[in-house]
Amino acid sequence: MSSAVGDETALAPVERVVEHYLAARGAAKPSPHTLAAYRRDLEAVLACAAAVRECAPEQVRLADLTTAVMRQAFARFATRRAASSVTRAWSTWNGFFAFLVSEAMVEGNPMSAVQRPRTAPREPKPLLGEDTPERLLEALAAGCRKARDPWPERDLAVLALALLTGMRSAELLALRLDSLGGRPGERRIRVVGKGERTRSIPIEEPLEALIQQYLRTRRERFGVALAGDDALLVDNRGAALRRGGLQYLVRQCYRHAGVNDRVAKGTLVHALRHTFATRLAEDGASVTEIMRLLGHASLNSSQSYIDVTAAAQREAARSNRTYGVLGRLGHGGADEVGG
């Protein structure tokens with residue numbers, strides 16, 4: 001820490017400054033989930049910095065966060081974590097130090113000297129098999145999921161919503177009854193996505209009818225009137241569906257529908273989102289349309305669906321048996337045919 005920064009600032013506990021930073025971030029209206037992720041990354045790396053300094057996290061001061069300490073802290077942090085987690089934490093700390101520089105609490109940002117992993121672009125992982133989405137929904141509609149308190153209308157509504165809108169888990173869970181708007185036959189769902197960005201997703205009459213059927217069974221189950229600010233998706237007790245409950249529900253639906261082997265490991269709800277986007281690309285949607293429907297902040301994320309679809313199309317074309325004839329003919333055979 002340079003002497004240009006006051007002694008009092010240099011000795012400020014990092015834990016206290018973190019709280020100041022998170023409060024300042026509140027002006028940008030990040031979601032509670034985003035703020036919680038910032039806090040986890042800051043606290044986890046701070047604990048590693050404390051281990052490097054051989055002290056408790058509450059004893060680490062701003063002056064202790066030198067380039068050497070941050071390098072060692074991130075080396076410890078990365079030991080048992082995926083590259084994507086390390087990269088996310090690096091970005092969080094880079095933002096934290098940028099804030100400290102802007103507040104004249106430190107003179108420079110050491111993160112440029114802290115290495116981070118190079119992560120390959122994530123490839124979409126849709127449900128495998130051309131007919132898997134249809135097979136899944138048909139099985140659920142037939143009541144395939146054997147539960148102690150079965151509710152096939154709710155299960156079908158959840159899976160169909162994900163497959164036909166491409167919403168993220170958090171977006172599905174944040175839906176309220178008044179998220180549905182528009183005239184019958186022209187309904188749209190208002191979705192609040194990452195960074196509090198909102199988008200409007202059109203839904204067609206079959207999905208609208210399915211949601212209305214689910215809501216009818218919900219009123220019958222619990223015997224209460226529904227208000228606009230009530231959660232759209234609920235558990236078997238009528239409480240708003242939460243992340244763990246959604247993951248369990250989707251996992252059970254896959255299993256009972258007999259499509260477990262068609263789901264990429266670790267995807268669950270995201271497999272439904274990827275299936276939605278991949279089918280859009282296969283049916284000719286532009287990258288801009290995919291970006292808007294998925295709520296991506298940039299074209300790069302959406303472009304991967306187009307790229308993967310193009311690769312799949314080439315592989316399908318390559319499997320055409322007529323290519324086998326050309327292979328047997330060879331170059332000389334082609335000359336003979338042409339000559």
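## Close-up views of a predicted model

**View 1. The side chains of strand E2 take turns between two faces.** Ile189 and Val191 point to one face and are buried (under 20% relative accessible area, with exposed meaning over 50% and partly exposed in between, for a 1.4 Å probe and protein chains only). Arg188, Arg190 and Val192 point to the other face and are not buried. Strands here are DSSP runs of type E with at least two residues, helices are H or I runs of at least four, and both are numbered from the N terminus. A note before you look further: this is a predicted model, in which local features need pLDDT of at least 70 and side-chain atom pairs count only at pLDDT 80 or more, while totals for chains, interfaces and linings use all residues. Residues are numbered from 1 along each chain as its sequence is written, and side-chain values use heavy atoms, with hydrogens and water left out.

**View 2. Strand E2 pairs with E1 and with E3.** Strands pair if DSSP finds at least two bridges between them. E1 (residues 180-181) runs antiparallel to E2, joined by two bridges, and Gly181 has Arg188 as its bridge partner in E2. Six residues lie between E1 and E2 in their hairpin, where Gly182 in the turn has a positive phi of about 95°. E2 and E3 are also antiparallel, with five bridges; here Arg190 partners Ser200, and Ile189 stands opposite Ile201. In the hairpin of E2 and E3, Gly195 takes a positive phi near 65°. Strand E3 (residues 198-202) alternates too: Arg199 and Ile201 are buried on one face, while Thr198, Ser200 and Pro202 point to the other and are not.

**View 3. Helix H4 (residues 67-78) has one buried face.** Its twelve residues should span 16 Å at 1.5 Å a residue, and the end C-alpha atoms are indeed 16 Å apart; the expected span is 1.5 Å times one less than the number of residues. Val69, Met70, Ala73, Phe74 and Phe77 are buried. Because these buried residues fall within an arc of 125° seen down the axis, they line one face of H4 (the arc is that of the directions from the helix axis to the C-beta atoms). Their cover includes helix H3 (32-53) and helix H5 (83-102), where contact means heavy atoms within 4.5 Å.

**View 4. Gln115 sits in the loop between H5 and H6.** At 75% relative accessibility, Gln115 counts as exposed. Gln115 and Phe74 are 41 residues apart in sequence, yet 8.4 Å apart in space, C-alpha to C-alpha.

**View 5. The largest nonpolar core holds 45 residues.** Such a core is a set of buried Ala, Val, Leu, Ile, Met, Phe, Trp, Tyr and Cys residues joined through side-chain atoms within 4.5 Å. Leu136, Leu159 and Tyr254 are among the members that touch the most others. Helix H7 (152-165) is one of the elements giving two or more residues, and H7 gives the most, with eight. Leu136 touches residues including Leu127, Leu163, Cys253 and Leu272. A second, separate core of 34 residues includes Ala12, Phe77, Phe99 and Met105.

**View 6. Cys253 is in no disulfide.** A disulfide is a pair of cysteine sulfur atoms within 2.5 Å, and a search of the whole structure finds zero. The nearest cysteine sulfur to that of Cys253 belongs to Cys144, 6.7 Å away. Cys253 is buried, with a relative accessible area of 0%, whereas Cys55 is partly exposed at 25%.

How values were computed
Lists of a residue's contacts leave out its neighbours within four places in sequence.
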